[in-house]
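Colleague: I would like a close look at one part of this model. Please take me through the place where the two chains meet, and then set it in context.

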Amino acid sequence: MELGGLDLSFILNKPLLKELISVILAVLSSVMVGGVIFSVSGADPLLAYSALITGALIGKHQIAETIVKTTPLLFASLGVALAFKSGLWNVGAEGQIVIGSLVAAWLGFSIMGLPTIIHILLTMIFSFLGGAMWALIPGILKAKANINEVLTTLMMNYIAYWISVYVIYWPLDDPLSYNPQTPHVLPSAMLPTLIPGTRAHAGILLAIVGAILLIIMKKSIFGYEIKVVGANPAAAKSAGINVPKIILTTMVISGGLAALGGMTEVIGRDLCLKLDATLGYGYLAVAIALVGNLNPIGVIFSSLFFGALVNGADVAYRVTRIPAVVAQAVAGLTMLFVLMKGPMLRFILKLLTWLKIGSRSGLS
Amino acid sequence: MTSPLGGLEVSLFLNSVMVLATPLILAALGETISERAGVLNIGVEGYMLMAAFASYAITYYTNNLWSGVLGGILGAMLISILHAYLGVFLGTDQVVSGIGINVFVLGITSLWYRIIIGTRTTPAIPPLEIIEIPLLSQIPIIGSMLFKHNVLVYLTYGLIPLCWFFLFRTALGLKVRAVGENPLAAEAMGVRVHYVHFFCTIICGALAGLGGSFLTLGYLQLFFDNVTAGRGFIALALVIVGGWDPIKVSLMSLVFGGINALQARFQAIFGTYRGIPYPFMLMLPYIITLVILFKAKNAPKALAVPYKRKK
């Protein structure tokens with residue numbers, strides 16, 4: 001593959017570079033195809049995207065809101081990435097987030113007289129445990145009875161959703177509010193503000209700590225075992241790895257991380273649990289984990305991208321009346337393009353080579 | 001005649017069982033065929049949702065229910081072609097492709113719905129006409145359960161044995177099952193594995209599309225975000241529980257239609273004055289799906305394994 005004397009085939013031999021270029025290609029393609037779909041459906045794509053970028057990144061408040069949106073997505077996608085890495089299709093982040101937010105909403109206002117640090121720590125621990133327990137159910141079904149985790153985690157999402165509706169309308173209904181929401185959490189449970197005057201809170205730092213812990217874990221024996229189980233469960237078993245134990249541990253950590261994403265929405269952003277506050281986050285997290293190549297550092301960048309997308313879409317709606325659900329449509333497209341990234345990169349390299357050859361033969 | 005189910009006629013209740021079961025049967029039949037060939041369509045939820053939207057929107061504009069049904073089927077088939085391209089020809093992971101399709105379709109249908117209709121009003125569309133089969137519909141209980149429906153339900157009655165016949169009594173059906181169990185051996189016998197995969201995925205799209213169209217045109221007469229509410233996922237579970245057999249899968253769907261109808265009744269009876277909050281009723285189908293998955297049987301051996309041709 002020669003391009004003007006430049007050999008491009010080296011890209012295929014450098015895994016990191018190849019990964020980076022193909023992911024960028026995938027994201028660009030989804031943005032382009034998204035633009036075509038918007039213009040077909042009667043929305044001006046250039047206006048939409050420019051409103052999206054302005055809304056997400058230009059100005060202190062916009063950046064702060066992007067950070068706010070990124071926080072739960074980062075937590076959840078770290079959890080999803082870990083599970084996917086071990087070969088578990090945990091698509092239950094949606095429900096695990098909900099359970100985490102329920103626990104946080106309850107502990108946030110019900111325990112009085114605790115110092116701030118202890119209250120937040122307690123809320124974190126129990127939110128994590130809540131999500132971990134929720135993910136443990138499909139984990140046990142998978143490890144003990146070999147029941148497909150895709151279906152069980154999906155069912156758990158719907159169950160969690162209806163539990164949240166129940167909790168918000170019945171036992172934890174805020175009598176002072178007309179909106180369906182729980183009472184506000186106590187000041188001692190609130191995450192400190194990161195950028196004064198905005199809603200950006202310290203949750204993002206916690207999420208980054210989570211990512212760092214996962215990177216450290218990758219180097220451990222457990223991290224290695226996860227990788228082996230994900231690559232080849234049969235080989236892992238014959239190598240003496242306790243596969244059910246790995247499945248259960250992975251699900252617990254994965255669900256717990258996702259639940260922390262729900263927690264930050266309650267004690268960081270809304271300061272109470274509102275109905276449908278985290279709707280769709282779990283499915284976005286799947287897209288983010290895949291775009292981030294299931295790698296904690298990659299996931300940090302891809303959740304920033306999607307956080308900006310979701311926040312920008314909210315702002316774009318107010319400017320252009322293009323509904324904010326475009327974020328979801330673009331996320332789905334990105335997932336599909338990420339699947340195609342390998343063949344796409346090879347195709348484009350081939351195309352470049354072919355174009356060069358074409359022009360050369362034209363010259364001579 | 002009043003029943004113990006709270007002043008509701010038994011026949012009317014049984015009628016609603018069939019209505020609630022029909023979209024599940026159609027989606028599950030499609031999934032049965034594609035999984036028999038070894039292609040997993042997690043995106044069946046997305047196919048249904050796309051069809052539900054397309055049939056609603058087209059009927060809304062044209063006021064013609066038949067173009068709605070057709071549009072729904074075509075919309076779902078288009079999405080299934082996308083899955084077939086990714087999962088069959090590119091050999092990518094079928095779980096991820098399916099989830100991607102679901103996320104994309106949820107986003108795009110919600111977007112289009114807001115662009116076309118907005119969020120303030122939800123205009124209803126005319127229902128498909130109910131055809132009472134003379135004589136048969138007069139049979140007590142069974143009559144109104146099975147023979148007082150719109151034409152799509154009758155079509156479903158025909159599709160159940162047809163799918164069974166196709167899979168177990170035709171040469172093509174044999175090829176489909178062979179590909180799902182052992183694609184290498186099938187290819188050695190001269191079966192074009194990729195074409196069988198492609199064909200069965202699109203059949204799945206068409207049947208799920210019919211189910212999705214029925215949901216909006218034959219039952220709800222409305223569209224809202226995520227109108228399918230996991231019905232496609234439940235259909236996926238029903239295929240497993242029904243052991244990949246069109247007849248058993250349809251019977252399981254019928255049982256599930258019954259559970260859904262009961263759930264709706266309970267909601268009406270207990271939800272109002274006996275203090276069982278309605279969210280518990282609404283989560284019932286999903287809990288039952290979780291429980292019945294314990295009865296899962298052996299899947300086709302090459303399910304969800306992308307087939308790579310040896311050159």
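Modeller: What follows starts at the contact between the chains and works outward. Keep in mind that this is a predicted model.

Start with the contact itself. Chain A supplies 37 residues and chain B supplies 35 residues. On the side of chain A that touches chain B, three elements give two or more residues: helix H7 (149-169), helix H12 (281-291) and helix H14 (326-339) of chain A. H7(A) gives the most, with 11 residues. The chemistry of that side is easy to state. It has 32 nonpolar residues, 5 polar residues and no charged residues.

Now look at H7(A) itself. It has 21 residues, which at 1.5 Å a residue should span 30 Å. Its end C-alpha atoms are 30 Å apart, so the expected span and the model agree. Of those 21 residues, 18 are buried, so H7(A) is largely enclosed by the rest of the structure.

Next, go past H7 to the loop between H7 and helix H8 (203-219) of chain A, where Leu186(A) is found. Is Leu186(A) buried or partly exposed? Leu186(A) has 19 C-beta neighbours inside 10 Å, and a buried residue needs 20 or more, so Leu186(A) counts as partly exposed. Setting aside neighbours within four places in sequence, Leu186(A) is in contact with Gly108(A), Phe109(A) and Met112(A). Gly282(A) lies 96 residues from Leu186(A) along the chain, and their C-alpha atoms are separated by 27 Å.

Step back to the whole of chain A. It contains 15 helices and 2 strands. Its radius of gyration is 22 Å, close to the 21 Å that the globule rule gives for 364 residues, so chain A is as compact as a globular protein of that length. Its C-alpha atoms fill a box of roughly 85 × 60 × 35 Å along the principal axes. Buried residues account for 52% of its 364 residues. Of the contacts in chain A between residues at least 6 apart in sequence, 78% join residues at least 24 apart.

Chain B is the partner. It has 12 helices and 2 strands. Along the sequence they run α-α-α-α-β-α-β-α-α-α-α-α-α-α. The radius of gyration of chain B is 20 Å, close to the 19 Å from the globule rule for 311 residues, so chain B is as compact as a globular protein of that length. Its C-alpha trace spans about 65 × 45 × 40 Å along its principal axes. Buried residues make up 52% of the 311 residues in chain B.

Key. Residues numbered from 1 in each chain as written. Chains lettered and ligands numbered in written order. Predicted model: local features only at pLDDT ≥ 70, side-chain atom pairs only at ≥ 80, totals over all residues. Contact = placed C-beta atoms within 7 Å. Helix = DSSP H or I, 4+ residues; strand = E, 2+ residues; numbered from the N terminus. Nonpolar A, V, L, I, M, F, W, Y, C, P; charged D, E, K, R; others polar. Expected span 1.5 Å × (residues − 1). Buried ≥ 20, exposed ≤ 12 C-beta atoms within 10 Å, placed from the backbone. Rg over C-alpha atoms; globule rule 2.2 N^0.38 Å.
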